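User: I would like a close look at one part of this model, with the neighbouring packing brought in where it helps. Please take your time over the residues themselves.

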Amino acid sequence: MSVHLRAEGLACSAGKRVVLRDVRLDVREGETIGIVGPNGCGKSTLLRVLAGLRNPSVGHVHVGGVRLHGLGARQRARKVALVAQEQDLPPDLLAWEVVALGLTPYRSPWNGVGPRERAAVADALAQVALADLADRPVNQLSGGERRRVLLARGLVQRTPLLLLDEPTNHLDVRHQLDLMQLVRRLGRTVVLALHDLTLATATCDRVLVLHEGRALPLAPPGEALTPGVVGAVFGVDATPIRHPVTGDTHLLITPLRPECTP
Amino acid sequence: MDAPRGRRRLRAPLAFFLVTLALLASLVLSTAFGAEPLSPATVIDVLVGRVTGGPVADLAYDTIVWQLRVPRALLAALVGAGLALAGAGMQTLVRNPLADPYLLGVSSGASVGATAVITSGLFAGAGALTLSGGALIGALGAAVLVFVIATAQGGLTPLRLVLTGTVLGSAFSAVASYLVFRSSDPAAAQSVLFWLLGSLAGAEWYQLAIPAITVGAVAAAMLAGSGWLDALATGSDTAASVGVPVRAVRVGLFVLLAILVGVLVAVSGGIGFVGLVVPHAARLLVGARHRVLLPAAAMCGALFLLWVDVVTRILVPPTEIPLSVVSGLIGAPAFLVLLGRRRYRFGGEG
């Protein structure tokens, strides 16, 4: 259950400010793509455009060869799910009720939540290790648990393309790694915005660096996040080192040393 | 964080069973109260006689119960159910726990229409039907104006609706006040005030059809879209992401609420607190999913207004006091009790 995602020449502006310009990406089926960039670089906007929630001023998004912005809301929601950043949920909803929202594109009017839907919801909650908290009101969950409930809402939507905006926010280190492992196991095409460069390096197939609304070419982490790029885009010094046990590459981030400032 | 607690919510089927029982019992019992108190046995005699087509026991009792009190009790239940539905819908539309059915300026618009009818003397000539007609026209006119202005300024987003509705509501109230002051009829102010505070006095069988059809149709439409409303309550991005056509659903909900509230205001005037408090009470009872919330709110609203109406009849006999006076006296403390409950957050974090 994965799909090919292609976007070309995407541009987007808010009033007179150009948020994105000429962004292109071509994501193969089943790939996990990380979008990184400093605050305000347009990550969330790009995800909203890729999810079909916002129209680009120029350009197209194709999901499995179909133009996304030409689809009706229901059809679109069966192809793409977006789990946005922290949002204020109605506090008296229970965790399973939030997850069940993901079934909306498959429900017909009048029909309630039947046994098959309940099983799907329970399965999604189990995937994010929250099976025990299904009947807990969301305002009694911790920030990290709420993030995982929202992720389960995205999972239950059964879309071949899954978009996640900062899914690891509020998660402790173990749950960050668990979440990335889960995302990789899904067998779906996943695009996620991340702050943590090391996490992006360790877990994404390819990385898209966004800088002032422009995208650098999609490339494997080692090529996308070179010390030169990280220095220019984030204004920090990055030193790649090899993990002595696993052999993975990690980035050591330190403040930019004055003599190295270009 | 709070310690883990079990579900304190009543299981929905049980809650519905109890509320239905209470509602049916109240419909019968409430007809025993009034200027002429009757015993429940008399009431039941009359009702059984009417329903089975048996002999009429006592013509006077029959008239009081069947011609005066039963239609009034049914109208109270209908208006209460409609206001609670409208309140729940409005709170979802503008994502604000303080929203009530009159938020969109509909009631102030209705008061302009009703005031115009009363002060122009049409009321004295043609009676209650013109008053309802004037109120309905005023209500729908106000809704159209709010809709057009909010849409022209960027769409029916929650904050914009709240602000546009509130501002236009104040403007309509000013117009209504102006009409009252300009009028030479000293009784007009009294009539307007009484109408604004809501009353079901003089309800007759023929008046039930339009509110019954409206409340039924709007309830059915809202229930059919209950999945969409759930998603909308969590925010427009989530709703759009799970396939809700957000703009269309907002417009549809706005139109339904405007018609519903317009019709209710036209038959009963403005009745405070029902649409604000009852949806919150229903949420505590059965949870926030619209599929169970809407029926629960409607039934609780019917139950609430039924007894409020009884109190207006028996508190200062033989005078009837306006509904808003009683619903406010009961509703405000009830709201404060809800506020004080730690578990219920009114849509906002602690």
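Which handedness, left-handed or right-handed, does the crossing of helix 13 of chain B and helix 14 of chain B have?

Analyst: The model is a predicted one, and in it the crossing of helix 13 of chain B and helix 14 of chain B is right-handed. Helix 13 covers residues 274-286 of chain B and helix 14 covers residues 290-314, and their axes come within 8 Å while crossing at roughly 125 degrees. Since angles from 65 to 115 degrees count as roughly perpendicular and those over 145 as roughly antiparallel, the two helices are therefore described as oblique to each other.

The contact itself is made on the helix 13 side by B:Val274, B:Val278, B:Pro279, B:Ala282, B:Arg283, B:Leu285 and B:Val286. On the helix 14 side the partners are B:Val292, B:Leu293, B:Ala296, B:Ala297, B:Cys300, B:Gly301, B:Phe304 and B:Leu305. Sorted by class, this contact holds 13 nonpolar residues, one polar and one charged.

The approach to helix 13 also deserves attention, for B:Phe273, in the loop between helix 12 (246-268) and helix 13 of chain B, has a positive phi of about 75 degrees although it is not a glycine. Most residues other than glycine have a negative phi. B:Phe273 has a relative accessibility of 29%, and so it counts as partly exposed.

Another helix pair in chain B offers a second view of packing: helix 3 and helix 9 (residues 209-224) pack at an angle of about 30 degrees, with their axes 10 Å apart, and their crossing is left-handed. Here B:Leu75, B:Leu78, B:Gly82, B:Leu85 and B:Gly89 of helix 3 meet B:Pro211, B:Ala212, B:Val215, B:Ala219 and B:Met222 of helix 9, a contact with eight nonpolar residues, two polar and no charged.

Helix 3 of chain B also leads into the wider interior. The largest nonpolar core has 124 residues, and those with the most contacts inside it are A:Leu46, A:Leu50, A:Val61, A:Leu163, A:Val191, B:Leu161 and B:Phe254; the largest share of this core, 14 residues, comes from helix 3 (residues 59-93) of chain B. Apart from this core lies another, of 53 residues, among them A:Leu89, A:Leu103, A:Ala134 and A:Ala224. Within the 124-residue core, A:Val191 can be followed residue by residue: beyond four places away in sequence, A:Val191 touches A:Leu5, A:Ile33, A:Ile35, A:Leu47, A:Leu50, A:Leu161, A:Leu162, A:Leu163 and A:Leu164.

In chain A, A:Met180 lies in helix 6 (residues 173-185) and, at 1% relative accessibility, counts as buried because the limit is under 20%. Leaving aside residues up to four places away in sequence, A:Met180 touches A:Thr168, A:Leu192, A:Leu194, A:Leu199 and A:Thr203. The loop between strand 7 (161-165) and helix 6 of chain A holds A:His170, which has a positive phi of about 70 degrees although it is not a glycine. A:His170 counts as exposed because its relative accessibility is 54%.

Helix 9 of chain A (residues 227-234) has A:Val230, A:Gly231 and A:Val233 as its buried residues, and these pack against helix 7 (197-203), strand 9 (206-211) and strand 11 (236-242) of chain A. Following helix 9 of chain A is A:Gly235, with a positive phi near 70 degrees.

Notes:
Residues are numbered from 1 along each chain as its sequence is written. Chains are lettered from A and ligands numbered from 1 in the order in which they are written. This is a predicted model: local features need pLDDT of at least 70, side-chain atom pairs count only at pLDDT 80 or more; totals for chains, interfaces and linings use all residues. Side-chain values use heavy atoms; hydrogens and water are left out. Axes are lines fitted to C-alpha atoms, for helices over the stretch in contact, and angles run from 0 to 180 degrees between N-to-C directions. Helices (H or I, at least four residues) and strands (E, at least two) are DSSP runs, numbered from the N terminus. Angles under 35 degrees count as roughly parallel, over 145 as roughly antiparallel, 65 to 115 as roughly perpendicular and the rest as oblique. A crossing is left-handed if the near helix is turned anticlockwise from the far one by less than a right angle, and right-handed if clockwise. Contact means heavy atoms within 4.5 Å. Ala, Val, Leu, Ile, Met, Phe, Trp, Tyr, Cys and Pro count as nonpolar, Asp, Glu, Lys and Arg as charged, and the others, Gly among them, as polar. A nonpolar core is a set of buried Ala, Val, Leu, Ile, Met, Phe, Trp, Tyr and Cys residues joined through side-chain atoms within 4.5 Å. Buried means under 20% relative accessible area, exposed over 50%, partly exposed in between (1.4 Å probe, protein chains only).
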